[in-house]
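The following note sets out points for a colleague who has the structure to hand. The points may be read in order.

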Amino acid sequence: MPRTKIAQVDPAYSTSFQADRRRLSWRGLVMKRIVFAALAFLAFEGAARAQDVAAGEKVFIKCKACHQIGETAKNAVGPELNGLIGRHSGAVDGFNYSAGMKNSNLQWTEENLSEYLKSPKQKVPGNKMAFVGLNKPEDIANVLAYLKQFGPDGKKAP
Ligand code: HEC
């Protein structure tokens, strides 16, 4: 008689034990998938950013005729562009800005820069940057990704 009892208890116990184990390993699998997805996403993000920067460097070739950036950057036809994002418009010492740029009173946020690079004459009337503007929104986004790397000292942020 005691044997039957054990036999009656045992299957129930072992079934619930197996179910627990199944649930646990399923959870482990889900966790692994989440971790994998997060890592894949980060790798993708990093690669996408590197791609933007590389594309932006190509766009910057157009700006290079007049602008310098980096640790050795000096004012040329246009002012140096280090630490540009967050900078006040017309604020580089020693650069002879137009009255239009001097009086524009803008903070170079990404939004203001996008509008300026799309249509310099429209965004800052009377400014003397002889550049028609960038037509493609992705060119603007990429060149901003490139410019953003350089801090006020011209060093690239790590
Ligand atoms: C033909 C020369 C020329 C080219 C090409 C050119 N710029 Fe300029 N840029 C200037 C000049 C000159 C000024 C100063 C404008 C003024 O004082 O009115 C200026 C001003 C600027 C400013 C404002 C800086 C400040 O200190 O307020 C930004 C930002 C800028 N340029 C970005 C760019 C970018 C990005 C490109 C390329 C997509 C570019 N420029 C292409 C000549 C140029």
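1. In this predicted model, 16% of the 158 residues of the protein count as buried. A residue falls in that class when 20 or more other C-beta atoms lie within 10 Å of its own, whereas 12 or fewer make a residue exposed.

2. The protein contains five helices and zero strands. Followed along the sequence, the pattern reads α-α-α-α-α.

3. The surroundings of the ligand deserve attention. There are 27 residues around the ligand, and those that come nearest are Cys63, Cys66, Gly78, Ser98 and Asn127. By character, the shell comprises 18 nonpolar residues, seven polar ones and two charged ones. At least two residues of the shell come from each of helix 1 (2-64), helix 2 (99-102) and helix 3 (110-118).

4. Helix 5 covers residues 137-148 and has 12 residues. At 1.5 Å a residue, taken over one less than the number of residues, the helix should span 16 Å, and its end C-alpha atoms are indeed 16 Å apart, so expectation and model agree. The buried residues in helix 5 are Ile140, Asn142, Val143, Ala145, Tyr146, Leu147 and Lys148. Asn142 and Lys148 are thus listed as buried beside residues such as Ile140 and Leu147.

5. The relation between two of the helices can be stated in some detail. Two packed helices are described by the angle between their axes and the distance between the axes. For helix 3 and helix 5, the axes come within 10 Å and cross at roughly 125°. Helix 3 is therefore oblique to helix 5. The crossing in which helix 3 passes helix 5 is right-handed.

6. The loop between helix 2 and helix 3 includes asparagine 105. Phi of asparagine 105 is near 50°, which is a positive value in a residue other than glycine. Is asparagine 105 buried or exposed? Asparagine 105 has 9 other C-beta atoms within 10 Å and is therefore exposed, since 12 or fewer place a residue in that class.

7. Asparagine 103 is also found in the loop between helix 2 and helix 3. Its count of 14 C-beta neighbours inside 10 Å makes asparagine 103 partly exposed. Asparagine 103 and proline 125 are 22 residues apart along the chain, and their C-alpha atoms are separated by 9.8 Å.

8. A final point concerns the segment after helix 5, where glycine 154 lies. Glycine 154 counts as partly exposed because 16 C-beta neighbours lie inside 10 Å. How far apart in space are glycine 154 and glutamate 71, C-alpha to C-alpha? The separation between glycine 154 and glutamate 71 is 4.2 Å, although 83 residues set them apart in sequence.

Technical notes: Residues are numbered from 1 along each chain as its sequence is written. This is a predicted model: local features need pLDDT of at least 70, side-chain atom pairs count only at pLDDT 80 or more; totals for chains, interfaces and linings use all residues. A residue is near a molecule or strand if its C-beta atom, placed from the backbone, lies within 6 Å of it. Helices (H or I, at least four residues) and strands (E, at least two) are DSSP runs, numbered from the N terminus. Ala, Val, Leu, Ile, Met, Phe, Trp, Tyr, Cys and Pro count as nonpolar, Asp, Glu, Lys and Arg as charged, and the others, Gly among them, as polar. Axes are lines fitted to C-alpha atoms, for helices over the stretch in contact, and angles run from 0 to 180 degrees between N-to-C directions. Angles under 35 degrees count as roughly parallel, over 145 as roughly antiparallel, 65 to 115 as roughly perpendicular and the rest as oblique. A crossing is left-handed if the near helix is turned anticlockwise from the far one by less than a right angle, and right-handed if clockwise.
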